[in-house]
Structure formats: C-alpha cells, structure tokens
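Student: Could we go through this one together? I'd like to practise reading a fold from its strands, cores and pockets.

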Amino acid sequence: MGMSVTISAAAAQDAEQILKLQFLCYQSEAELYGDYGMEPLTQTLDDLRAELDRGHALVARLGDEVIASVRGEVDADGTATIAKLIVHPRMRRHGLGGRLLDAIEAHFAGEPAARRFQLLTGHRSERNLRLYRSHGYAPVASRELGPKLTVITMEKDADAAGVPAARSAGTYVTSA
C-alpha cells in the first residue's frame with residue numbers, strides 16, 4: 001500500500017520547502033520562455049514569507065515532504081487571485097494540481113468577499129492552460145511582457161466553481 005498525499009493549509013515552517021519546490025518547478029517554465037530571471041526563480045525567502053502572511057497557501061505532502069503548493073489572496077473587489085500552483089515534477093500527471101486548485105477555490109469560496117477567481121499563465125504553458133480550462137477558467141485578457149512571453153489572464157465566477165464549502169477547511173487525503 002502506498003503513502004497518501006495530504007493537502008492542508010501551509011504553515012510558516014513550510015516556507016523553505018515551498019521555496020525550494022518553487023525553484024525546481026519553475027525551471028521548465030524558464031526553459032520554455034528562455035527567462036531564468038522570472039520572479040518565481042528570484043523570489044527570496046523573506047518575500048515568500050510576506051506573501052504567505054498576506055494570503056492563504058496550501059501544501060500537499062507525501063509523508064513529511066512538500067510535493068505541491070498553491071497560494072492566493074482576495075482583493076477589495078472580491079477577486080481571489082490564485083498563484084504559483086506547483087507540483088513536484090515526479091508527481092505531475094496524477095491529478096494533484098487539479099485537486100490543489102479545487103481546494104484553494106473551496107477555501108476562497110468560503111470567504112464572503114470572493115466573487116471571482118483569477119489566475120495568470122504564460123501563452124506557451126499548454127499543460128497549465130489545459131488544466132485551467134478543464135476547471136472552468138476562460139481567458140479574459142492577455143499582456144505581452146516581452147518578445148518571448150505573453151501572460152494570459154483567466155477567470156471564472158466563484159458561483160461557477162461548484163465546490164462545496166465543507167471542503168474549504170481541514171485536511172484532504174488522496175491516494176498518491
């Protein structure tokens with residue numbers, strides 16, 4: 001019998017593991033866009049801790065190891081911005097990214113201010129685009145950041161999320 005993956009709220013002591021995982025996960029994006037100076041690769045531990053303090057973050061663990069994470073925050077207009085959905089390369093293609101996306105949406109659906117979900121991804125990030133579309137997100141804007149990168153903004157209404165509020169708190173256990 002294999003170990004179970006648990007998804008729960010990130011704790012302050014998870015920051016270092018999240019940052020190391022983020023650095024590992026964004027290598028493929030940096031290669032895809034030819035940009036190793038992108039913010040997820042240059043973010044400092046202090047900046048990450050500040051980001052975690054401002055919003056909400058989830059981690060997926062296999063035993064004690066953080067193997068995936070996602071974070072976000074809600075602004076004054078009721079937009080829950082979801083960011084930095086990362087899954088360890090050896091754990092990709094097992095549905096973990098989708099489960100994390102569902103869990104962070106469930107958390108923000110429980111917040112009365114969250115009226116819509118929004119996320120950003122690069123125009124060449126086909127896996128990301130496919131995942132987000134399969135979860136009901138649609139492109140609403142694009143912005144060229146340079147000759148190699150166009151950022152696509154994707155959104156969906158919180159009402160369209162269809163996640164039960166009961167899943168917004170606690171630990172989620174899934175099979176690895």
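Tutor: Sure, here come some questions and answers on this model, which is a predicted one.

Student: Let's start with the sheet. How many bridges join strand β2 to β3?

Tutor: Strand β2 covers residues 56-62, and β2 and β3 run antiparallel. One pairing to look at is A60, whose bridge partner in β3 is A68. The two strands form a hairpin with two residues between them, and G63 in the turn has a positive phi of about 70°. As for the bridges joining β2 to β3, the count is seven.

Student: And on the other side, which residue in the hairpin of β3 and β4 takes a positive phi?

Tutor: β3 also pairs with strand β4, residues 79-87, in the antiparallel sense over six bridges. Within that pairing, S69 has I86 as its bridge partner in β4. The hairpin has four residues between the strands, and the one with a positive phi, near 90°, is G78.

Student: How many of the ten residues of β3 are buried?

Tutor: β3 spans residues 65-74 and pairs with β2 as well as with β4. The strand is mostly covered, and its buried residues number seven.

Student: Over to the aromatics. Why is the pair of Y132 and Y137 edge-to-face?

Tutor: There is one aromatic pair in the structure. A pair of aromatic rings is described by the distance of the centres and the angle of the planes. For Y132 and Y137 the centres are 6.2 Å apart and the planes sit at 65°. Edge-to-face calls for an angle over 60 degrees, so this pair qualifies with its 65°.

Student: Is Y137 buried or exposed?

Tutor: The cut-off for buried is under 20% relative accessible area. Its ring partner Y132 comes in at 6%, so Y132 is buried. Y137 has a value of 3%, which means that Y137 is buried.

Student: Which element supplies the largest share of the largest nonpolar core?

Tutor: That core has 28 residues, and I82, L96, L101 and Y137 touch the most other members. Several elements supply at least two residues each, among them β1 (4-9), α4 (96-109) and β5 (116-122). The largest share is six residues, and the element behind it is α4.

Student: What is L101 in contact with, leaving aside its neighbours within four places in sequence?

Tutor: L101 is one of the core members that touch the most others. Its contacts include both tyrosines of the aromatic pair, Y132 and Y137. The full list is I82, L85, L119, Y132, H135 and Y137.

Student: Now the largest pocket. Which element gives the most to its lining?

Tutor: About 1000 Å³ of space lies in this pocket. Its lining takes in 37 residues, with Y26, L85, T121, N128 and Y132 the closest to the centre. Elements supplying at least two lining residues include α1 (15-33), α2 (39-42) and α5. The top contribution is seven residues, from β4.

Student: Which residues does H88 touch, not counting those up to four places away in sequence?

Tutor: H88 is found in the loop between β4 and α4. Despite the loop setting, H88 is buried, with a relative accessible area of 15%. The residues touched are L21, L24, C25, E65 and I67.

Student: Last one: which residue stands opposite R143 in β7?

Tutor: Strand β6, residues 138-144, is joined to β7 by six bridges, and the two run antiparallel. They form a hairpin with five residues between them. Opposite R143 stands V151.

How values were computed: Residues numbered from 1 in each chain as written. Predicted model: local features only at pLDDT ≥ 70, side-chain atom pairs only at ≥ 80, totals over all residues. Heavy atoms only, no water. Phe/Tyr/Trp six-rings, centres within 6.5 Å; stacked < 30°, edge-to-face > 60°. Buried < 20%, exposed > 50% of the residue type's maximum accessible area, 1.4 Å probe, protein only. Pairing = 2+ DSSP bridges. Core = buried A, V, L, I, M, F, W, Y, C linked by side-chain atoms within 4.5 Å. Contact = heavy atoms within 4.5 Å. 1 Å grid on protein atoms, 1.4 Å probe; cavity = no way out; pocket = protein on both sides within 12 Å on 5 of 7 lines; lining within 4 Å. Points joined across faces, edges and corners; volume = space filled by probe spheres on them.
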